[in-house]
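Here's a quick look at how the domains in this model are laid out and how two of them meet. Have the structure open while you read.

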Amino acid sequence: MNIVVSLKQTFDTEAKIVLTGGKIDATGVNVVINPYDEFAIEEALKLKEKFGGEVTVVSVGGDKVEASIRTALAMGCDQGVLVNDPTLENVDEWAVAEILAKAVAQIPYDLILAGRIAVDDGSSQVAVRLADSLNLPSVSSILKLDIEGDKATVVREIDGGTETLELSIPAVLTAQKGLNEPRYPSMMGIMKAKKKELKVLTLADLGISAADVASKMSAPKFSLPTPRTAGKKMSGEPAEQAAELAKLLREEAKVI
Amino acid sequence: MNFGLTEEQQMVQEMARNFAEKEIAPFIEEDEENHHYRREILTKMGELGLLGWSIPEEYGGNGMGWMEGVTALYEIAKVHTSWRLAISGNCWGPAMTINEWGTPEQKEKYIPGLVSGESVGSFAITEANSGSDVGSMKTFATDKGDHFVLNGSKMWISGGHTCDIGLVYAATTEGGGAKGLSCFIVDYNNTPGIERIPIHSKVGMWPAPTSELVFENAVIPKENLLGPLNKGFQICMWMLNNTRMGCATGSAALGAACLDGAVNYANERTQFGQPIGKFQMIQQQIAEMKLEDEAAKFLVYRAAWLKENKLPSQQATSIAKVFGCNCAVHGANMAMKIYGSYGYSTEYPCGRWLRDAKQFETLEGTSNIHMGIIAGIELGYQPNR
């Protein structure tokens, strides 16, 4: 069973976001594999252990992303593909999905897995758009996956409960927290990862031009949440303090 | 000259950091309070290859060496100092020493288990009346033809009552001093005549077990003699030159933990209307910690690089160890001052840092012994091995 995992590199979840000129400043920020994509990698590796086959990690991004793909290879994935093209700065989700679809089309696959959301922009669009582009069924936020022949049974999270679905594969499934516990790359895995293939492709290698995937959307501005201000201290008699507090809760905080 | 980590070393660093944060950090408070040794952490470390540095792959080695080993130990020790001992106690101690001095049968029998984490390892040198003066040890192994009989006792042995396999150094020649010592591989689970007594009175390193060992007519098979008879002192010094990297790296990492903690606290704690980090006297303390932290880390990497390249490393190891100890003790002391009253509370880590830091000045050669090695080599009184 051959599986493709779509991977995105994101900021470390503890990274402090700094805006420079209205743009997110990546200087000195530690980057990691999007945590939800780690669930997808783990599920792919478990299926590989059960059914055999190969796991290919595919990503779109710059040079730095190679390190995250290497980590996935160290965890046990077999090969990596990175679409790295200088024209691909600030691309939208539609463009990324189109590029991924072209890259994935070159790889034999029975299943495509991805994280349900990227912790940076949180759009949850790419995997679903990829399914659409490849004309595949898709289920998001899965918590359990069983494969039998060309049938997949998945349990996914819905509002206030879970839903069990059956679908044929190939399909695109996105992983929710709880699907599994991702493994650590072992030291032996890190050594092996060095020798695994990591193919770096440009748009031309995929037979597409920058104009073919010109973004339909742009993000001209970012802003940070309003910083928390210091607390207020009441003074006076207890009754006065209570009255003051009630007034503030009603007029300023607008909670009562 | 390149001060950067390779791509693989960065992956090792990230993996070890994640491992320590997820597998070790959640248990710190509970295990400190109960003086509890959590063997499953060592087992997991073994499974992930964190105990297989500089060991041939045929015996389960991870294919990596000293630079990667110190990188991993640093990240683990930074989270919880006690857990640095897993690497020294299994890999840099017994496994590496058996790999250097053992017969093919000994290597095959003992190294894979120590590296995979299936066995817990230890090494026993110190006795109640024999510390720095290793040659004065009284534990004696009598040659009985087809086996040795071991009598005596050992003190302050890391992992002594939790280990499966250990190296034990003992005298084999009456009055032979350093020239009459030998090294034995002891299978603790299958050797009658060994009493293992946990020591609960340590000032720090609470989740790391320490023991007294009493040998009473313990029968050690002939094939468990490691290396030549009466070469034990040489083997011991060779081993210590490796295991001391655990102290050097662990102490540098502890200093770094103190610095990180102090920086966070100084940025968060507000007095006189501003974070205390804005005060020059706090800045002086932070700067002192940073100076030592940076230097200690580079001394560790320098000594590891010498070892990786099979160059004389004894002086560099002693320098890294002494400097690392100073960095840890000073760092812990400074952190406690910066944290103020909270630093003196057991709800904050300063107390643990200080208790753990003090061990480094004593174990695997006191700072005085290491200063002696550094000076002796510098003055030409002894070779730099």
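In this predicted model, 13 residues of domain 2 of chain B are in contact with 12 residues of domain 3 of chain B, where contact means heavy atoms within 4.5 Å. Together these two domains bury about 1,000 Å², 75% of it on carbon and sulfur atoms; buried area is the accessible area (1.4 Å probe) lost by two parts on being put together, summed over both. Who supplies it on the domain 2 side? B:F123, B:Y169 and B:M205 give 43% of the area that domain 2 of chain B buries against domain 3 of chain B, more than any other three residues.

By class, that side of domain 2 of chain B has 10 nonpolar, 3 polar and no charged residues. Here Ala, Val, Leu, Ile, Met, Phe, Trp, Tyr, Cys and Pro count as nonpolar, Asp, Glu, Lys and Arg as charged, and the others, Gly among them, as polar.

The rule finds 0 salt bridges across this interface (a side-chain nitrogen of Lys or Arg within 4 Å of a carboxyl oxygen of Asp or Glu).

Now the domain centres, taken over C-alpha atoms, with bounds from an automatic or database domain assignment:

| Domain pair | Bounds | Centre separation |
|---|---|---|
| Domain 2 and domain 3 of chain B | 122-230 and 234-378 | 30 Å |
| Domain 1 and domain 2 of chain A | 3-213 and 230-256 | 50 Å |

Chain B also has a domain 1, at 7-119.

Residues are numbered from 1 along each chain as its sequence is written, chains are lettered from A and ligands numbered from 1 in the order in which they are written, and side-chain values use heavy atoms, leaving out hydrogens and water. Local features need pLDDT of at least 70 and side-chain atom pairs count only at pLDDT 80 or more, while totals for chains, interfaces and linings use all residues.
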